Structure formats: C-alpha cells, structure tokens
Amino acid sequence: MTHSVLLVEDDKGIATVITEALREEGFDVTTCESLAKRDALLAEHRFDVILTDVMLEDGDGLASIHTVRALAPDVPVIVLSAQNTLDTAVRASDSDAFEYFPKPFDLDELTQAVAQAVASRPAPENVGEGEDSALPLIGRSPAMQGVFRMITRVLRNDLTVLITGESGTGKELVAEAIHELGARKTGPFVAVNMAAIPHELLESELFGHERGAFTGAIGQQIGKFEQANGGTLFLDEIGDMPAEAQTRLLRALQSGTIRRVGGRQEIGVDVRIVAATNRDLAPMIADGRFREDLYYRLNVVPIHLPPLRERREDIAALVRHFLGQASDEGLPARVASADAIAALTAREWRGNVRELRNAVFRLALMAREDTIDKGAVDDILPPTKPRDEGDDRVGLESAVEAWIESARPADGALYHAALAAFEKPLFELALERTEGNQLRAARLLGINRNTLRKRLSELDIAPEAFARRR
C-alpha cells in the first residue's frame, strides 16, 4: 500500500529534495507552497502525513495547525522550520506536532520520521465497526496515540521495553504488537507470567534445568529463554519476581547467556526482552524488594498504558470491536445504540479494557434484542457507583498524617511547612503528566503560567527533565 504525504513548502529547492527522498522510499508526495492551497488539498484528498514549513507566503504554517486538525483530525503533522528558536520548538510541541525539524535537517531522519508517523496511525480496521484484528490496539484518544507512537519507535531496534499500567489495560497486546510488527516477527513470542509460577520453580521455568538438578527433575527441560531464542520474551508481572531470580535475570541480560539450573554450560541466547508490571516499582526498589540495577536494564524504553477512565473517547470503538469478536465466537450478532454507548462510557471500568470486553460479551449473550440499548445495559450489568471520592480523601489524609509523623514540624509552622512539602511534588506531578509542557501544566494546576515559572525557579525544578524524549 502506498502512503500519501502532503508537503507544504515554498522553497522549491527544499521541496524537490524532500520529494525525491520520500518517493525513493515509496511515498506518494503532493506539494504546495501556501496555506490556501494546503487547505484546498485537504478538503478534497486524504493524506497519511503532512509536512509543513512555518513561514509561508500567506501565513504561519504552525499557527494554522488548528485548521489542519479541523480538516484532517487524525493526520500526524511534522513541522519544518528555518526559525530555529526555542520558541518555535515550544510552539511545535504545544501544537502536538508529531515531530519538529529545524533546518537544515538530516534527510534520512526526516524520511524515518515520516515512516514512523504513518505507522503510528491506527489501522482502519482497529477503529471500524467492530471488525476483528490480530492486534486489537484500539484508540484515537491522545493517550493511545502516544502509545502507538512509542511502539513505532522500538520496531526497528532491540531495545528492552518496560510496559506499565493498571491490570486489564492491554500490556500483553502491546508486547505482541512490538513483536509482530518488528524485525523479530518470524521468531517465537514467548510469554511468562511471574505471578502465576511458584517462586521455587521460576528459575527452572525461565532458564531450564538439567536432569537431577532437584527433586523431580527427571529429565532435561528447556527454559523460556531458549524457547524464545531469535524472538521476544515477554516477562509479565515482573514486580512479582523473587530476588534470587532477579539476580539471574540481570546476569542474563548483561551477558546474553543463560545457564540451566544444575548445569555448567553457558548457553548464548538472542532474545528481545519486553517486561510489564502493574506495580509501582519505585517503593519496591526503595525497600529492597526489586533490584535497582535490574530496573534500569529493563526500563530502557518505558511505555505507559493509560487506564480506560483516562481515554473514555475510545470506549465506543472498543464496544463495537468486542461485539464483532463476540459474534465471531458464536454469540448473537448485536449492535449497541447511542444511549447504550453513552451508558457504558459513563461507567467506572476499574478492570479497564478487560472488564469492558467481558461486559460486552455478557451483553451480547443476554440481551433480548439485536440492538442493545441503555435499558439492557442497566438490566444486565451490575450497577456501579462513581469512584468513591471518600477513598481518595482517606488516602490523602493518611499521606498527610504520615508526613506530619515523620517531619514533626514545630508548633505554629505546620501550615507553611505542609505547603512547602507538598507543593514541589505537586508541580513535578503536573509536569510529568504534561511531559514538561509548562502551559498545559499551568492549566492543569489552575494557575498563571508566569506564576508557575516563578515557582519552578524558586523550587529548583527543571521542566526539561520531564519533556518527552524523541
């Protein structure tokens, strides 16, 4: 399939060079030199990627990205600019451009970015009317688009990936996508759930064992590392790995070799490691339950999967997809009405996508009509209540009490000491959630941007430390 690129560039020399480079890579390139011609083309044609200069003959290509979003909301935009200033880079980031290239740029890097932008877009069947796919990573939400973008960045390398997220968010699906879309797709994909294997058997499961290595070892067994040779080894629930197995895993990652339990021979393995956890590993590292050096070995490329409550705009597509799956598996063919979709979107999905899938299958089985409406949702699914704000309050009160107990501020200083203690982590959390974007962080906090900048300077917080790395 040929992918189409719209290049908006008024420098004919640069336009020619970019066009030829992209066409050599198999892209279909359409060029124009103004915003007016850009908008006319977007109104009549569908493009997979847009490349735009900033300073054009009839306006600012960066300032007018909102027009592009209106005409082509799902198309990634790559910004090119001779205005090589920090302000331009920040504006590009604020506009949620896929990538920003100051001129002069490396042509190979640009063509690679275009390919990554194409790959970052969800396949049409993944957002269709419930059509099945081998890797149902579904979502047009900004949060999931960020996940898709990170996946594309690890397809052409063997860097170790650590996937984090709540239970049921689809961490194994991401691991499968990295394998199936990457260079190792012809090799095996082997998944191991650390929480499902007794600790005393985990090392044997991972590394294999020789005959007589322990009671019950009546023969040689090949471990998961050797089974995954040439492919991908997915280590799920890595936070449940016992300390001794962590040490052996670290040694295997460092050396590229393993030794079976009870064996003496070092066996070379060519395996890509993708790990996942629903735990916060930081406190586990702090109290010695998880090795810090292993964490850094695993967390080369972090990918965080958002909970379903943070991407509710994806629920409609997920419901249609799961109804299609249910029909393929022999359940009655159903469709969901608009009010049913609204009711499902409003529910609390603490089990995330997994819980939603199970609920949709139950609806497909038990609904009396071919069209599932809000009444069927209310009748068939157990009632849910909104997330208990009291639970959050109890958690906050516990945190404050713990801080008071440890800090023991002097009499009369509690108020100011508490503000000082909680302000810095609050600002850091806001910057982390907005990936270092100060304007968005200020909006999240509900304060003026200049006030935020002043406090960041006073608290010695560097916003660039939270910026997204590309």
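## Overview

The protein chain folds into 20 helices and 16 strands, where helices (H or I, at least four residues) and strands (E, at least two) are DSSP runs numbered from the N terminus. This is a predicted model, in which local features need pLDDT of at least 70 and side-chain atom pairs count only at pLDDT 80 or more, while totals for chains, interfaces and linings use all residues. Residues are numbered from 1 along each chain as its sequence is written, and side-chain values use heavy atoms, with hydrogens and water left out.

Of the 470 residues in the protein chain, 45% are buried; buried means under 20% relative accessible area, exposed over 50%, and partly exposed in between, with a 1.4 Å probe and protein chains only. Among the contacts in the protein chain with a separation of 6 or more, 69% join residues 24 or more positions apart; a contact here means heavy atoms within 4.5 Å.

## The sheet with strands 1 and 2

Let's start towards the N terminus. Five strands make an open sheet in the order 2-1-3-6-7, with parallel pairing; two strands pair if DSSP finds at least two bridges between them. At the edges are strand 2 (28–32) and strand 7 (99–102), each of which pairs on one side only. From one strand to the next, the twist averages 15°.

Strand 1 (residues 4–8) pairs with strand 2 in the parallel sense over five bridges. Within strand 2, V29 is the residue opposite V5.

## The sheet with strands 9 and 14

Another open sheet has five strands in the order 9-10-13-8-14, and its pairing is parallel. Strand 9 (189–193) and strand 14 stand at its edges with a single partner strand each, so one side of each has no neighbour in the sheet. Here the twist averages 20° from one strand to the next.

At one edge, strand 9 pairs with strand 10 (residues 232–236) in the parallel sense over five bridges, and A191 has F234 of strand 10 as its bridge partner. In a regular strand the side chains alternate between the two faces of the sheet. Strand 9 shows this alternation: V190 and V192 point to one face and are buried, whereas F189, A191 and N193 point to the other and are not.

At the other edge, strand 14 pairs with strand 8 (residues 161–164) in the parallel sense over four bridges. Opposite V301 in strand 14 stands V161, and opposite P302 stands L162. The covered face of strand 14 holds V301 and I303, and its uncovered face holds P302 and H304.

## D314, between strand and helix

Following the chain onward, D314 sits in the loop between strand 14 (301–304) and helix 13 (315–328). Is D314 buried or exposed? D314 is buried, with a relative accessible area of 2%. Setting aside its neighbours within four places in sequence, D314 touches I138, G139, R140, S141 and M144.

## Two helix crossings

Two packed helices are described by the angle between their axes and the distance between the axes. The axes of helix 13 and helix 14 (residues 338–346) come within 9 Å and cross at roughly 115°; axes are lines fitted to C-alpha atoms, for helices over the stretch in contact, and angles run from 0 to 180 degrees between N-to-C directions. Helix 13 and helix 14 are therefore roughly perpendicular to each other, given that angles under 35 degrees count as roughly parallel, over 145 as roughly antiparallel, 65 to 115 as roughly perpendicular and the rest as oblique. Their crossing is right-handed; a crossing is left-handed if the near helix is turned anticlockwise from the far one by less than a right angle, and right-handed if clockwise. I315, A316 and V319 of helix 13 meet I341, L344 and T345 of helix 14. By class, this contact has five nonpolar residues, one polar and no charged; Ala, Val, Leu, Ile, Met, Phe, Trp, Tyr, Cys and Pro count as nonpolar, Asp, Glu, Lys and Arg as charged, and the others, Gly among them, as polar.

For helix 8 (residues 199–207) and helix 10 (residues 243–255), the axes come within 9 Å and cross at roughly 20°, so helix 8 and helix 10 are roughly parallel to each other. The crossing of helix 8 and helix 10 is right-handed. L202, E203 and F207 of helix 8 make the contact with E244, A245, R248, L249 and A252 of helix 10. These residues divide into five nonpolar, no polar and three charged.
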